[in-house]
Every structure is written in structure tokens, then in C-alpha cells.
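Let's take a walk through this structure together, one piece at a time. Have the sequence and the 3D view ready.

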Amino acid sequence: MPRKRKQPTTWIHRNSRYLMAGASAAGLLLAIGCMAKGSSLLAGSAYVQLGGLSLPLLGAIAYFLMGALAIGPVATKNKSLENPTWLGLFIGSTAMTIFSGYLLYVMFAVLQEPCVPCMLSAFLSVGLWVLTLIGNRWESLGQLLLPGISVALVASIATTGLYAYAQNPDSFIAGNPPPAVETNSGTSEIELAKHLTAIGATKYGAWWCPHCHAQQTLFGKDAFKYVTYVECDEEGIDPQPNACRAAGVQSYPTWEINGQTYAGVQSLQSLASVSGYTGPQEFINQNAQH
């Protein structure tokens with residue numbers, strides 16, 4: 001029986017690990033630079049927040065691991081690490097390539113603001129994936145089919161979940177959300193809301209309370225997010241019933257401003273007066289909507 005002919009060793013096979021280590025080092029430095037410079041619109045958006053970790057930090061971790069897998073067998077001169085590290089490099093680069101595609105979609109189709117470091121990182125991710133395919137003498141590309149499909153499925157589910165959460169975060173939060181505020185906010189409403197928060201004012205309420213919703217419509221959807229709000233009902237989102245009891249809340253809504261409590265819906269002019277607000281007071285929402 002004729003012996004199987006040994007495949008020739010090419011330049012790319014001899015140097016692929018060094019190339020991948022270099023690409024990983026470049027990606028790591030790029031991610032560290034982004035962390036030092038500060039978040040871009042993409043990096044700071046909910047579309048890329050995974051477990052509370054920022055996009056540059058996730059990138060730095062991924063590139064560090066890829067670099068370790070690439071150079072590990074060479075540095076330790078341990079040939080037994082060759083096959084498992086090549087498989088790890090393929091799985092890691094495949095996941096990074098899919099995630100980079102997701103980032104490019106969010107960047108151009110959703111946020112519509114390019115991020116040059118993110119595009120460079122996507123180029124490096126694709127480069128690492130290509131090097132895993134051509135840099136190793138795989139017995140058959142078919143052996144990559146099952147792990148490739150598996151990691152593609154997991155990465156696709158993860159990115160779909162991130163996108164869905166960013167589009168509608170309330171659907172992922174336990175508890176009952178209050179009705180959506182549909183009124184608009186002017187500069188006066190926003191400045192008053194910021195002032196109330198700055199002096200430590202708090203609004204106590206319940207998600208089901210129509211008068212609480214009416215109070216929120218006076219501020220409008222853009223201004224009320226600046227108000228410090230405490231949910232008193234245990235079935236609401238992030239409930240704090242003990243805080244409500246400690247404040248002596250007996251009806252909703254109740255405001256606590258400068259050590260005094262004010263029950264019921266308060267006009268924005270009244271809130272401005274009792275809080276010592278002296279900013280613009282051209283409030284556009286004069287009538288509360290229940």
C-alpha cells in the first residue's frame with residue numbers, strides 16, 4: 001500500500017501563528033487605545049453592552065485570548081497544543097467575525113455614525129479568520145463544519161438578543177412598566193427636572209397610578225428621565241417599598257423636596273416655586289393627561 005504523500009510546508013504555514021499573534025497584538029492595542037480615549041457612540045450604546053462590559057474591553061479580552069492561542073505552542077515548544085489551539089483559533093475568529101458584521105450593521109444602518117477603530121477591528125477579525133483557514137494544514141475543511149455551525153449559531157443568537165434588548169429594553173426587565181409618556185418636553189421642562197435631581201428631590205409613585213402618569217406627562221418624555229423616581233409597588237420595575245414607607249408616603253404621587261412632602265399632581269410652576277428653581281419657565285405642558 002503506497003504511503004500517503006506528505007504535504008509541503010509553505011511560507012504561510014510556517015509563519016501563520018506569528019502573523020496571527022501580530023494581528024492580535026494590533027487589535028489589543030487598538031482596543032486599549034479606545035478605552036483610554038473614551039467611548040464612541042457605538043461603544044457606548046446598548047447595542048454592544050454585554051454583561052455590563054464595554055465594547056473596547058470585550059475586544060481587548062478577545063484579542064488577548066487569540067494572541068495567547070496563536071503564540072502559545074511556539075513559546076512553549078509544546079507540539080501537543082497545536083491541534084487544540086488551531087481549533088480554538090478557528091472558533092474564536094469565527095465568533096469575532098460574526099460579531100464584527102453585527103457591529104458594522106449597527107454602525108451604518110442603525111446609528112449611522114462610522115467608527116474608524118471599529119472598522120479596523122472588523123478588518124483584523126476577518127484577517128484572523130482567513131489565517132486560521134489557510135495557515136494550518138487541516139486534514140479536511142469538513143472537520144470545521146460542525147464547530148463552525150455551532151459557534152455561528154451561538155454568536156447569531158447572542159447578537160440577535162443584544163439587538164432586541166437595545167430596541168426594547170423594558171421587555172427584558174422584570175416587573176410592570178408604567179404607561180409610556182407621549183408628550184414632548186421643552187427646554188424649561190428639562191432644566192426643571194435636572195434642577196430637582198440636583199437638589200435631591202424625589203418623586204414616589206406606582207406603575208399603575210393614573211395620577212403619577214399625569215405628573216409625568218407634564219414633564220414630557222425627554223424631561224422625566226432626569227427626575228429621581230422611586231417605584232413603591234412591589235410588582236413594578238425596581239420596586240423600593242421600604243424607601244416609600246420610610247418617607248411616609250401615603251398616596252401617589254408624592255414629592256419630597258427640601259425635606260418637605262407634597263402629595264398629588266403638582267404643576268410645574270408649583271414645583272419650580274417650592275424647589276427654588278429660577279431657570280426658564282416657558283412650560284409647554286400645562287394640562288395633565290390621565
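An axis here is a line fitted to C-alpha atoms, for a helix over the stretch in contact, and angles run from 0 to 180 degrees between N-to-C directions. Keep in mind that this is a predicted model.

Two packed helices are described by the angle between their axes and the distance between the axes. So let's do that for helix 2 (residues 55-76) and helix 3 (residues 82-111): their axes come within 9 Å and cross at roughly 155°. Angles over 145 degrees count as roughly antiparallel, and helix 2 and helix 3 are therefore roughly antiparallel to each other. The crossing of helix 2 past helix 3 is left-handed.

Who actually touches whom? On the helix 2 side you'll find residues including L55, Y63, M66 and P73, and they meet a set in helix 3 that includes E82, G88, M96 and F99. Sorted by character, the residues of this contact come out as 11 nonpolar, 4 polar and 1 charged.

Now hop over to the sheet. Strands of a sheet pair through backbone hydrogen bonds, either parallel or antiparallel. This one is an open sheet of 4 strands in the order 2-1-3-4, with mixed pairing. Strand 2 (229-231) and strand 4 (260-263) sit at the edges with a single partner strand each, so one side of each has no neighbour in the sheet. From one strand to the next, the twist averages 20°.

Zoom in on strand 3 (residues 254-257) and strand 4: they run antiparallel, joined by 4 bridges. Here E256 stands opposite T261 in strand 4. Finally, helix 7 (residues 210-219) packs on the sheet, touching strand 1 (202-205) and strand 3. The direction of helix 7 makes about 145° with that of strand 1.

Conventions
Residues numbered from 1 in each chain as written. Predicted model: local features only at pLDDT ≥ 70, side-chain atom pairs only at ≥ 80, totals over all residues. Heavy atoms only, no water. Helix = DSSP H or I, 4+ residues; strand = E, 2+ residues; numbered from the N terminus. Parallel < 35°, antiparallel > 145°, perpendicular 65-115°, else oblique. Left-handed = near helix turned anticlockwise from the far one by under 90°. Contact = heavy atoms within 4.5 Å. Nonpolar A, V, L, I, M, F, W, Y, C, P; charged D, E, K, R; others polar. Pairing = 2+ DSSP bridges.
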